[in-house]
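Colleague: Could you take me through a single part of this model, the place where the protein meets RNA strand B? I'd like a close look at just that.

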Amino acid sequence: MEELETIRVQKLQQIRDLGFDAYPTHYRYTHTAGAVVEQYGARTAEELEAEPITVRVAGRIMASRPFGKAGFLGITDGGQKLQIYAKKDKLPEREFQLYQSLDLGDMIGCEGTLFRTRTGELTIQAKELSFLAKSFLPLPEKWHGLTDVEIRYRRRYVDLIVNPEVRDVFVKRSLIIREIRRFLDDAGYFEVETPVLHTIAGGALAKPFRTHHNALDMPLYLRIALELHLKRLIVGGLNRVYELGRIFRNEGISWKHNPEFTMLEFYQAYSNYEDLMDMTEELLRRVVTKVNGSLTITYDGQEIDFSKFTRLSMRGAIVKFCPEPVSEEELRDRAKVEGLLKKLHAEYDPKAPVGNLVGSLFDAVAEKHLVQPTFIFDHPIELSPLSKIKLSDPSLVERFELYIGGMEVANAYSELNDPVDQRGRFESQLQAKERGDEEAHAMDEDYIRALSYGMPPTAGEGIGIDRLTMLLTDSKSIRDVILFPLMRSED
RNA sequence: GGGCCGUUAGCUCAACUGGCAGAGCAACUGACUCUUAAUCAGUAGGUUCGCGGUUCGAUUCCGCGACGGCUCACCA
């Protein structure tokens, strides 16, 4: 709305004409709004009168209720609201004129003494008003606020100004990450950073983004996982490493998929996947308690209890949840598995080996039931080209995935460290690629070379930070836990 | 990618069966020295997402397109 902008440009000129700097470089505050409330929120009107407290605060004007020669301004600073009372006879003339030229959205500073209004609200009696910055665009309406999700995601800055719960989500996200770091650092882990630009996109089964380096005239991929570099570091003797980083997958967008997302991966030498199940329970209990205050959370209307984790084999889970009766033994029979998939109208690739079909059956039948924290272990070897084989059953690998709230949150395994076996697995992935599986893993000769120098027995795990944040903030869409989710361009 | 739904003032939403495009908040002018959805009086604000069609007349009906939401498929 050009007219409104014109008016506000004129108002900024008025403010300049009063002798204020339109864009001052700084404001020295003594308190954040949060500190004022925390330190003095309990003081009574009498206490504040007996012992006057002077504070200097800054913030954005979110409400204005003028009364001629006086008026109230509601400001917010760091998500905390605070009220300022500007009175003509308590302010220098020039600053009262400034007060009268202010608009909703403007940034101001204020020095004054604390008092309680008749209705009991802690308020600053302004003795000095400073102008800090102008808002030329109007804020959304004050009752309903901004609800259009498209505008909320595209203009997250406005969303953050007017929707305080959005700020809370990202504060929690930051807490989650901080607590994870603390946990791993305390456990003797070493944080590293590995390349985002890969010549071979490996470590997961997914379609990568392609890019190109001009000077080297070389095709590159954005990483789809952190895995292979971190294991190279295990070979190099960094026995406990982790990386918290952005990864990129050129696939569909949904309530639980954003093209770029944040993954924690950690690798621990001399351990296997069972050690990581124990460690994951401990890590999540600590994070949940820290962020949430208790071990029970509510997600999408359901109670989720982190005090007990269930452990179920993948075949066991299918047997348990499949509406058609089936035994674990029958799940080794391709015809039987295929029959079940058909009966359930589940989609699957008829050319794929039986292990993939078991995986499809699991997805169709079990995943949505896994609301309480559940480890699903012993995956088919075909789905896990980087995992160590299970000694007691060579069709399976030592792997688990953790499901919470019907979402896969973590994925871990005993790392395959036999270079000969690894080469064989890559080769069978190449065959899958031949069959048309675009997500099959590529051959990585340098990774095999690294394993050939000798890698200790190692367990590794990935945890999806976005999904964990969704659970702990009761967010129904991954876009609500990513500040700037990917959107189509506006024009 | 498929299906369903949506797009009207800065924001939140109306507008019956096709008949002058409206309200609240925000904005502007004025009154008001303890309000908190302040109140009172007045003013202004529109390419109804875009293009085309049907019609005397389209926000409304039809077609195409853009963007978004939900959902299914794929993936974590």
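Modeller: Here's a walk around the surface near RNA strand B. Keep in mind that this is a predicted model, where local features need pLDDT of at least 70, side-chain atom pairs count only at pLDDT 80 or more, and totals for chains, interfaces and linings use all residues. Residues are numbered from 1 along each chain as its sequence is written, chains are lettered from A and ligands numbered from 1 in the order in which they are written, and side-chain values use heavy atoms, with hydrogens and water left out.

Okay, 51 residues surround RNA strand B, where being near means having a heavy atom within 4 Å of the strand. The closest are Thr119, Trp143, Glu251, His257 and Arg479. Sorted by class, you get 22 charged, 19 nonpolar and 10 polar residues (Ala, Val, Leu, Ile, Met, Phe, Trp, Tyr, Cys and Pro are nonpolar, Asp, Glu, Lys and Arg charged, and the others, Gly among them, polar).

Which elements do they come from? α1 (2-17), β1, β2, β3 and α5 (149-154) each supply at least two residues, and α5 gives the most, with four. (Helices are DSSP runs of H or I with at least four residues, strands are E runs of at least two, and numbering starts at the N terminus.)

Now the RNA side: 58% of its atoms within 4 Å of the protein belong to sugar or phosphate, and the rest to bases. Lys11 has a side-chain N or O atom 2.4 Å from a phosphate oxygen of the strand. Two arginines face sugar or linking oxygens instead: a polar side-chain atom lies 2.4 Å away for Arg467 and 3.3 Å away for Arg154.

Conventions. Polar contact = N/O pair within 3.5 Å; in protein donor to acceptor, adjacent residues only side chain to side chain.
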